[in-house]
Amino acid sequence: MKQTKFLAFLLFAGMTLVACEDDDEYEFVQPVDNTQTVTFEENSWNALIDNPQYYGPLLYGDNAASYAWTDNATQLHGGMSNTWGGYYGYSEGGIAISNYIDGNYNTERSFDIQLAVPSSNGSRNFAVVYCEADLTFADGVARVVKSMDLIGTTYALSICKNGNAYARALNAPDDYLILAVTAYNGSAELGTTRICLAKKGFLLDKWYSHSFNRFGKVTRLHFSMEGSDESYGYLNTPAYVAIDNVVVEK
């Protein structure tokens, strides 16, 4: 009796195995890429690049307070901060589109090249964040910002390295310049990530990809700068950083 049951079990198992081997209807689920990368590359972005870099008509002209941009695919939005009402344009902070490359940060440079970065990451355009500014979504819908590329600007890095009449070189062991990015979903603060742009012996002079995935869905990313060279609570070091390839979940 036991032997009969054992043989029956083997027969059942064998039939099951044969059935599986004959079944070629497998479906392998491929991962779905539900992200869109904002590269600032389409021709429509070129019209947002000011000339000259400092005191140009787009960022400092009569209509500078309304300078803004929105990526159609992701609704990612940026523009002027208008901290003091917009009278001083980009000097009040904001996020401007640029394509300027200038690799010379080994000597003291001026704000005339405020929109330049030291190297290309293979793309033509990028965005330059000055002082305090926000990335938002124009439709108000919260989305995950998975990552973005960052680099210090040529002007800011040159002052970090050499100093000028307003800011000292960041050569002391405890000197630093840090980009702080604070995430929000509505009025709820989700946390802050800090990215070192400069410290003794280090400058962020190459494009670097940073993940913001840990924040989950956000409605706003707020950019601000922290540094060791301050006077009366204000940062002396030029507060610029460039961003590119912002990866957003659809």
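Trainee: Is Tyr 88 buried or exposed?

Mentor: This is a predicted model, in which local features need pLDDT of at least 70, side-chain atom pairs count only at pLDDT 80 or more, and totals for chains, interfaces and linings use all residues. Residues are numbered from 1 along each chain as its sequence is written, and side-chain values use heavy atoms, without hydrogens or water. Buried means under 20% relative accessible area, exposed over 50%, partly exposed in between (1.4 Å probe, protein chains only). Because its relative accessible area is 53%, Tyr 88 counts as exposed.

Trainee: Which residues form a nonpolar patch on the surface with Tyr 88?

Mentor: Tyr 88 sits in the loop between strand 3 (76–79) and strand 4 (94–98); strands are DSSP runs of E, at least two residues, numbered from the N terminus. A nonpolar patch joins side chains of Val, Leu, Ile, Met, Phe, Trp or Tyr within 5 Å, from residues with over 30% relative accessible area and no salt bridge. Here the patch has about 480 Å² of accessible area together (Shrake-Rupley, 1.4 Å probe), and the partners of Tyr 88 are Trp 84 and Tyr 87.

Trainee: Which residue does Lys 146 form a salt bridge with?

Mentor: A salt bridge is a side-chain nitrogen of Lys or Arg within 4 Å of a carboxyl oxygen of Asp or Glu. The closest N and O atoms of this pair are 3.7 Å apart. The pair links distant parts of the chain, strand 9 (residues 143–151) and strand 18 (residues 240–249), the two residues being 103 residues apart. The partner of Lys 146, partly exposed at 22% relative accessible area, is Glu 249.

Trainee: Which residue is linked with Arg 168 and Asp 175 in a network of salt bridges?

Mentor: Asp 175 and Arg 168 meet at 2.8 Å, N to O. Asp 175 is buried because its relative accessibility is 3%, whereas Arg 168 is partly exposed at 39%. The residue that joins them in the network is Asp 229.

Trainee: What is the volume of the largest pocket?

Mentor: A pocket is an open set of points on a 1 Å grid where a 1.4 Å probe fits, with protein on both sides within 12 Å along at least five of seven lines; lining residues have an atom within 4 Å of a point. Of the 28 lining residues, the closest to the centre are Tyr 130, Cys 131, Leu 235, Thr 237 and Ala 239. Taken as the space filled by probe spheres set on the points, the volume is about 820 Å³.

Technical notes: Patches are made of residues with over 30% relative accessible area and no salt bridge: like charges are joined within 9 Å, nonpolar side chains (Val, Leu, Ile, Met, Phe, Trp, Tyr) within 5 Å. Helices (H or I, at least four residues) and strands (E, at least two) are DSSP runs, numbered from the N terminus.
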